[in-house]
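Work through the exercises below with the model open beside you. Try each task before reading its solution.

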Protein chains: 2
Amino acid sequence: MGEIESVTETPGYRPLYRQVYDIVVRQVAEGKWRPGEALPSEQTLAREMGVSQGTMRKVLDSLTAEKLLERRQGKGTFIAENTQERALFRFFRMAHPGGQRAVPERARESVRVRVSRAPERVKLDLARTDRVVEITRTRCIDGRPAVHELIVIPSALFPEIEKRASLPNTLYSLYQTEYGINITAAHEELRAELATAADAKALQIAAGSPILVIDRVAVSLREQKVEWRTSRVRSDDLVYAVKLT
Amino acid sequence: MGEIESVTETPGYRPLYRQVYDIVVRQVAEGKWRPGEALPSEQTLAREMGVSQGTMRKVLDSLTAEKLLERRQGKGTFIAENTQERALFRFFRMAHPGGQRAVPERARESVRVRVSRAPERVKLDLARTDRVVEITRTRCIDGRPAVHELIVIPSALFPEIEKRASLPNTLYSLYQTEYGINITAAHEELRAELATAADAKALQIAAGSPILVIDRVAVSLREQKVEWRTSRVRSDDLVYAVKLT
DNA sequence: GAGTGGTCTAGACCACGCA
DNA sequence: GCGTGGTCTAGACCACTCT
């Protein structure tokens, strides 16, 4: 078992399963297996890595808990797919009051590449000369405009994304399948604001109505800040639903 | 190992660790050990329950993941305490924009017992004749009023709570230590509203300002809906921060 | 029946906290 | 030095899926 150095603050002791974990994460991040593809069996992987099945299991179980893998008894271990369904509901928290999840449909969008601005460089850890892709789009719920958002991503990570004919409703499955970027977490900050004239037009509500503004930074498997998204959402019959544990 | 019946939809097969898990949860819920108290060691518990140490470990680890227990290497396994710090930041999500957690201080409160109303009975699964305790309070952040909330709890679960001289800032540690009720999860729904005259007065902001309204139902270890709380929060320099995974 | 993940065991040794 | 949780192993058997 090769030693693996790290920059964390725990220099002294590094359990075996932690080292194996890092190896597997790196292999997944490098795209050794495609989304939906099966990994070798527990036993095989354990043999390859030179550890016991129990240790390998611990690794695969924790990766499953982080939703990077999926295990199905009797079938195998698979790279988790950000399917439409899953990608949509994992990070899209809007719902109808009382609980039923709201399903957004794609409406209008525009994409352009431009130089980065200071706040974006801070949010996404970019250098002065980095370029970004700016996506603005509106999404509907139940046929009515509901979400108006501005999405900023580093151009370097998504080459020529602006040349695509159209973007899917769930960007994160596109990030995964076309650019090899797995979104594993998102930090969101919510505040209440009054609808501006632009909001009013995009969301077909009265200017001055209260709206929810959601500021999100999405983080990849490699712990890189990959996307900054600001969503402005109608709050008349929609709520942001979250379960705290 | 005694068989334990359940009402879930998995009637056929019931792993050992699941049965042990349920036993330990019941014992914790019944207050067999006090908050902060140490449980017997893994080995001892395993012997008592008639299972291997590995199986016992699986049980204790999953209870730790659910924040019901805490394990400290070299010291032991303890009933998790809803200390001020922890209880505060586990469910109180308000922060300053950019990330730093905001610390609320208790300001004004009033408590009274009254008959339950229809919406409360729906939210908390109460019967027609059940009485509730209503707590209204205002909390400050950085010395300024920031949160104005209405809390409704079933009177039956919190006998004579209304006779206490004052309530702590973190109600959930009170629920745990004085009434044996562990809050383990909370469902929150957020929306944006305009400050009413009452909001304006309580929060010292202008009427018509946008505010965040947080509707929470807190759930106990026994999966009982224990508290319904509506918080109205200033949104001028505070945000609701959450990490989605 | 063969292959996979899921459970369970028994035992060894390591890291940590404390007296 | 002892007791605790944390890691690691080797092997058995069970439940599920597919052929």
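**Exercise 1. Find how far a polar side-chain atom of A:Thr55 lies from a phosphate oxygen of DNA strand D.**

Step 1. In this predicted model, the distance for A:Thr55 is 2.4 Å. That falls under the rule for a polar contact: a pair of N or O atoms within 3.5 Å; within protein, one must be able to donate a hydrogen and the other to accept it, and residues adjacent in sequence count only if both atoms are side-chain atoms.

Step 2. A:Lys58 also reaches a phosphate oxygen of DNA strand D, with a polar side-chain atom at 2.9 Å.

Step 3. Turn to chain B. A polar backbone atom of B:Gly74 lies 2.9 Å from a base nitrogen of DNA strand D.

Before going on, note the ground rules. The model is predicted, local features need pLDDT of at least 70, side-chain atom pairs count only at pLDDT 80 or more, and totals for chains, interfaces and linings use all residues; side-chain values use heavy atoms, without hydrogens and water, residues are numbered from 1 along each chain as its sequence is written, and chains are lettered from A and ligands numbered from 1 in the order in which they are written.

**Exercise 2. Describe the protein surface near DNA strand D: how many residues surround this strand, and which elements supply them?**

Step 1. Count the residues with a heavy atom within 4 Å of the strand. There are 22, and the closest are A:Leu16, A:Ser52, A:Thr55, A:Gln73 and B:Gly74.

Step 2. Look at the DNA side. Sugar and phosphate make up 77% of the atoms of DNA strand D within 4 Å of the protein.

Step 3. Assign elements, taking helices (H or I, at least four residues) and strands (E, at least two) as DSSP runs numbered from the N terminus. Chain A brings helix H1 (16–29) and helix H3 (53–65), while chain B brings strand S1 (69–72) and strand S2 (76–79); each supplies at least two residues.

**Exercise 3. Do likewise for DNA strand C: which residues are the closest?**

Step 1. A:Arg57, B:Leu16, B:Ser52, B:Thr55 and B:Gln73 are the closest of 22 surrounding residues.

Step 2. Check the bases. A:Gln73 places a polar side-chain atom 3.2 Å from a base nitrogen of DNA strand C. A:Gly74 has a backbone N or O atom 3.1 Å from a base nitrogen of this strand.

Step 3. Check the backbone of the DNA. B:Tyr17 has a side-chain N or O atom 3.0 Å from a phosphate oxygen of DNA strand C. Sugar or phosphate holds 79% of the strand's atoms within 4 Å of the protein, and bases hold the rest.

Step 4. Name the elements. Strand S1 (69–72) and strand S2 (76–79) come from chain A, helix H1 (16–29) and helix H3 (53–65) from chain B, each with at least two residues.

**Exercise 4. Characterise the interface: how many residues of chain B are in contact with chain A?**

Step 1. With contact meaning heavy atoms within 4.5 Å, 32 residues of chain B touch 32 residues of chain A.

Step 2. Look for polar links. The rule finds 14 residue pairs in polar contact across the interface, both residues at pLDDT 80 or more.

Step 3. Locate the main contributor on chain B. S7(B) gives eleven residues, the largest share of the side that touches chain A.

Step 4. Follow the strand pairing (at least two DSSP bridges). Strand S10 (residues 239–244) of chain A runs antiparallel to S7(B) over five bridges. A:Lys243 has B:His187 as its bridge partner there.
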